[in-house]
Structures are given as structure tokens and as C-alpha cells.
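Please consider the protein model displayed below with its sequence. The questions after it are meant for a student who is beginning to read structures.

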Amino acid sequence: MDRRSFLKASIVGAAAAAAPYRAAHAETQAAAGPNDVPSLAGKTIAISIVGTEHFFDIKAYQAQIAEVERLGGKVIGLDAGRNDQKLVSQLQTLVTQKPDAVIQTLGALPIVDPGLKKLRDAGIPVFTVDVVSENSINNSTSDNFSLGAQLALQLASDLGGKGNIALFTAIEGVVPCEIRLEELHAVLKHYPDIKIIQPDLREIVPNTIQDSFQKVTALLAQYPEGQLSAIWASWDIPVLGATQALLAAGRKDVLTYGVDGTPEYLALVADPAAPAGAVAVQQPELIGRTAVQNVARYLAGQKVPGTSFVPAILANKQNAQDVQKLVGQV
């Protein structure tokens, strides 16, 4: 599926946030059992990643390496350390190394897509994690349509349908983050009394936590108690810094919302006294394993889907402690 069609796709529905996390987890754990995956013996699989300093990144990367090795394959692991030039270079290097397949994990499309096209043109099968590209045979990802809508519905419910909210805008070209933002806007169309403060806050990488702490501290000075209700981001590192700023300022009137399920942020959602409202907890290890299993099936001549969707688990104040246990964070 091309990027334009992917972005225009609509969600079938968004379930209420409080209950379905156990069913989603059980469903995804049962899918694609290990016994039905072909061997990767004699195959070399390259795993390229933007960086590994964040929870999602390292868990997905480690899971891919472990799954390739479990299936008998050899791994070429390449970590760009959040350096765009290094990322471009490592994809170019793989063109000459000619592995049996490449999995690109994360990355802004303008940065990674030229390299993915070169790999495809060289006859090397390309797979991706959280990268929507016409050059990828399969993209393994969370269902960002559903999780984006569920997170937005949780925010609207917590706010009682009214209030001012601030957004950390998605990094341009990172399609999963763009989808989550689009779903937020789609939900808020039905809540006209929830107003988005302009301009949006601009997130940066690296030093995201420190930067968001400073920006939210300044924002709180502009919006005293009662004038700001929530802060939203398409991933949870910016709102981790935002929540720390709220705690430092003693502000309990503002709630934060994000995506990923980084342990530090999920712990804040689980803390009744912390101003963290909800987080869509992704399953990076399952996403990583799914990507490798798709590679194995493809190399064995089996058909694979263009996109493999893995459900996220919405954690809120009511269920966050259970979700922590479910995903092995406590």
C-alpha cells in the first residue's frame, strides 16, 4: 500500500479505552506462533535502525536480532545513533553487502526512502518497522489509526469535552506519528469546546525530555491554573518531560497523553498523584518479531501482507497498574 492510500485509510472503529487491553494482548501473542515460521538458516538479515536510546527502539531492535538468531539466520545489526548522515550511509553500505533481506526500523521517510529504493533496485527485499514506503514489501506497525483515536477519546473523556490543550507536533515524514495526530484532529472535530493552543510546541531529537521540560515550564507561565487542561504528543518522550515540568510546578490541573509505553511514563500514568492521563502502550518486541517472521515467510516463498498491524494497549488511570504487569514492567 502506498503512503497516500495508507494515510487516507479509515479506522473501522475505536473501542472504549478501559477494558480491551487483555484481549488485545492475548490475541497478538497467539498470532503467528513460532512453530509455523520457516527457518532462516543460511540467510543473512540486515537490521537497520535510526537509534536505540528509546524504549520502543531498543526493544524492537533486540527482538529482531533475537528472532533472526532463533530462526537460524545471521544478523547484520546497524544502529545510526539518531544521526541522519550515518543512517543514509548504513543503508548505502547494505547495497554492496547484499544481505538476503533488510529490515529498516523507524526513520523519517525523506531520509530513509532513497536508500530503501536503492536496496530494492539492487534486488534486495526490503521490510520495515514503522516506515510506510512503496519500496517496502511489508511494514510491521501498531494500528496507529485505532490507538490514535482511542487516545484522543480518552483525552476528551477526561476533560469532560472542554478545555485548552497543547500539542507537541509530529516529526514530519514519520507516518505513524502523523496518523496519530490526524486521528486526534478527527476526534476533536466532535468536541468543539476543546481548543488547541497555537502555535504547536515543536519537539526536537535528541534531548527531547530536557527540551519539552523547558517548553512546558514556559507554557505554564503563559497559562495559569485553570487555563490549560492537557498536553498531547504523538510519542511519550515529549510528554515525559512535560509531566516532569508539571510536577516541578505543582500543577495538577493539566494532564498529559502520549504513545509508546516507555516504563518511566507508564509508571506516571499508574501513579494516582501524577498528572499523566493515558498512554497507548505499543508492543515493540512483538512488532520486531512480526517483521522478522514476515521476512522468513517471504524468503520461503510464502505470501505476506503489505502491512502487519499489531494492537496497542491503552493504559489510563484505571488500568495502568494492570497493564504494567501485563507487559512485564513491574
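The questions and answers that follow concern a predicted model.

Q: In what order do the strands of the open sheet of 6 strands stand?
A: The open sheet has 6 strands, and their pairing is parallel. From one strand to the next, the twist averages 15 degrees. The order of the strands is β2-β1-β3-β4-β5-β12.

Q: Which are the edge strands of this sheet?
A: An edge strand pairs on one side only. In the order β2-β1-β3-β4-β5-β12, this applies to two strands, the second of which covers residues 307-310. The edge strands are β2 and β12.

Q: How many bridges join β4 to strand β5?
A: Strand β5 covers residues 138-142, and β4 and β5 run parallel. Within this region, Thr128 stands opposite Asn139 in β5. The number of bridges that join β4 to β5 is 3.

Q: At about what angle to β4 does α5 run?
A: Helix α5 covers residues 109-121, and strand β4 covers residues 126-129. The helix lies across both β3 and β4. Relative to β4, α5 runs at about 150 degrees.

Q: Which element gives the most residues to the largest nonpolar core?
A: In soluble globular proteins, nonpolar side chains tend to be buried together. The largest nonpolar core here has 40 residues, and those with the most contacts inside it include Leu40, Ile45 and Leu94. Among the elements that give two or more residues to this core are β1, α3 and α11. With 6 residues, the element that gives the most is α11.

Q: How many residues does the second, separate core have?
A: Apart from the core to which α11 gives the most residues, the model has a second, separate core. This second core includes Val239, Val269, Ala276 and Ala320. Its number of residues is 29.

Q: Is Val102 buried or exposed?
A: Val102 is found in strand β3. Not counting residues up to four places away in sequence, Val102 touches Ala46, Leu94, Leu119, Ile124, Pro125, Val126 and Phe127. The C-alpha atoms of Val102 and Phe127 are separated by 6.0 Å, although these residues are 25 residues apart along the chain. Because its relative accessible area is 0%, which is under the limit of 20%, Val102 is classed as buried.

Q: Why is the pair formed by the rings of Phe127 and Tyr298 given its particular name, and what is that name?
A: A pair of aromatic rings is described by the distance of the centres and the angle of the planes. By the rule applied, the count comes to 1 aromatic pair. The ring centres of Phe127 and Tyr298 are 5.6 Å apart and the planes stand at 70 degrees, so the pair is edge-to-face.

Q: How many residues apart in sequence are the parts that the pair of Phe127 and Tyr298 ties together?
A: Phe127 counts as buried at 0% relative accessibility, whereas Tyr298 is partly exposed with a relative accessible area of 34%. Phe127 lies in strand β4 and Tyr298 in helix α11, so the pair ties together parts whose separation in sequence is 171 residues.

Q: With the side chain of which residue does the side chain of Asn294 make a polar contact of 3.4 Å?
A: Asn294 has its place in helix α11 and is buried, with a relative accessible area of 5%. Leaving aside neighbours within four places in sequence, Asn294 is in contact with residues including Phe127, Asn138 and Ser308. The side chain that the polar contact of 3.4 Å joins to that of Asn294 belongs to Ser140.

Q: The side chain of Arg251 makes a polar contact with the side chain of which residue?
A: Arg251 lies in the loop between α9 and β10, and Arg251 is buried, with a relative accessible area of 8%. Its side chain reaches the backbone oxygen of Pro224 at 3.4 Å. At 2.7 Å, the side chain of Arg251 also makes a polar contact with the side chain of Asp253.

Q: What distance separates the C-alpha atoms of Leu184 and Phe145?
A: Leu184 is found in helix α7 and is buried, with a relative accessible area of 0%. Beyond its neighbours within four places in sequence, Leu184 is in contact with Ala152, Leu167 and Trp232. Leu184 and Phe145 are 39 residues apart along the chain, and their C-alpha atoms are separated by 9.6 Å.

Note on methods
Residues are numbered from 1 along each chain as its sequence is written. This is a predicted model: local features need pLDDT of at least 70, side-chain atom pairs count only at pLDDT 80 or more; totals for chains, interfaces and linings use all residues. Side-chain values use heavy atoms; hydrogens and water are left out. Helices (H or I, at least four residues) and strands (E, at least two) are DSSP runs, numbered from the N terminus. Buried means under 20% relative accessible area, exposed over 50%, partly exposed in between (1.4 Å probe, protein chains only). Contact means heavy atoms within 4.5 Å. A nonpolar core is a set of buried Ala, Val, Leu, Ile, Met, Phe, Trp, Tyr and Cys residues joined through side-chain atoms within 4.5 Å. Rings of Phe, Tyr and Trp (its six-membered ring) pair if their centres lie within 6.5 Å; planes under 30 degrees apart count as stacked, over 60 as edge-to-face and the rest as tilted. Two strands pair if DSSP finds at least two bridges between them. Axes are lines fitted to C-alpha atoms, for helices over the stretch in contact, and angles run from 0 to 180 degrees between N-to-C directions. A polar contact is a pair of N or O atoms within 3.5 Å; within protein, one must be able to donate a hydrogen and the other to accept it, and residues adjacent in sequence count only if both atoms are side-chain atoms.
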